[in-house]
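Colleague: I would like a close look at one part of this model, with enough of the rest to place it. Please keep it plain enough for a first-year student.

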Amino acid sequence: MTVKVQKQGHSLMIPIPANYHVKEHAEYQLVMDDDNGILSFIPVHKNIFEQNPDYDFHASLKEMSLPDNGKLVGKENVRE
């Protein structure tokens, strides 16, 4: 499918067809590969612990008898 870049005010817009089921007001980080011009739209994920910063994840794991090897596996944003 081909879409055409459109100017709206001081911005350029790329329409997303409805059949892609992207929700209105969804947030994406835009990344452009300088070598080949590929645009990637990466969904912005919210920190699920932001609403309750005092939540003790490790205590909850112990309370539920769930194992944790203590090793980070990705881009965890943790406080020690």
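Modeller: What follows starts with the whole chain, goes on to one hairpin, and ends with the helix.

The model is predicted. The protein chain holds one helix and four strands, and read from the N terminus the order is β-β-β-β-α. The C-alpha trace spans about 55 × 30 × 25 Å along its principal axes. The radius of gyration of the protein chain is 20 Å, whereas a compact globule of 80 residues would have one near 12 Å. Of the 80 residues, 2% are buried. The accessible surface comes to about 8400 Å², and carbon and sulfur atoms account for 53% of that surface. If we take the contacts between residues at least 6 apart in sequence, 7% of them join residues at least 24 apart.

Now the hairpin. Strand β3 covers residues 28–32 and strand β4 covers residues 39–43; the two pair in the antiparallel sense, over five bridges. One of the residues to look at is Tyr 28, whose bridge partner in β4 is Pro 43. Six residues lie between the strands of this hairpin, and Gly 37 has a positive phi near 75 degrees.

Ile 42 gives a view of the pairing from one residue. Ile 42 sits in strand β4. Leaving aside residues up to four places away in sequence, Ile 42 touches Glu 27, Tyr 28, Gln 29 and Val 31. Val 31 is 11 residues from Ile 42 along the chain, and the C-alpha atoms of the two are separated by 7.7 Å. Is Ile 42 buried, partly exposed or exposed? Buried means under 20% relative accessible area and exposed means over 50%; the relative accessibility of Ile 42 is 39%, so Ile 42 counts as partly exposed. As a general point, side chains in a regular strand alternate between the two faces of the sheet.

For contrast, turn to the helix. Helix α1 runs over residues 57–63, and Ser 60 is found in it. The relative accessible area of Ser 60 is 14%. Since the cut-off for buried is under 20%, Ser 60 is therefore buried. The side chain of Ser 60 also makes a polar contact with the side chain of Tyr 55, at 2.9 Å.

To put the two residues side by side: Ile 42 in strand β4 is partly exposed, while Ser 60 in helix α1 is buried.

Methods:
Residues numbered from 1 in each chain as written. Predicted model: local features only at pLDDT ≥ 70, side-chain atom pairs only at ≥ 80, totals over all residues. Heavy atoms only, no water. Pairing = 2+ DSSP bridges. Buried < 20%, exposed > 50% of the residue type's maximum accessible area, 1.4 Å probe, protein only. Polar contact = N/O pair within 3.5 Å; in protein donor to acceptor, adjacent residues only side chain to side chain. Rg over C-alpha atoms; globule rule 2.2 N^0.38 Å. Contact = heavy atoms within 4.5 Å. Areas by Shrake-Rupley, 256 points an atom, 1.4 Å probe, with all protein chains shown as cover.
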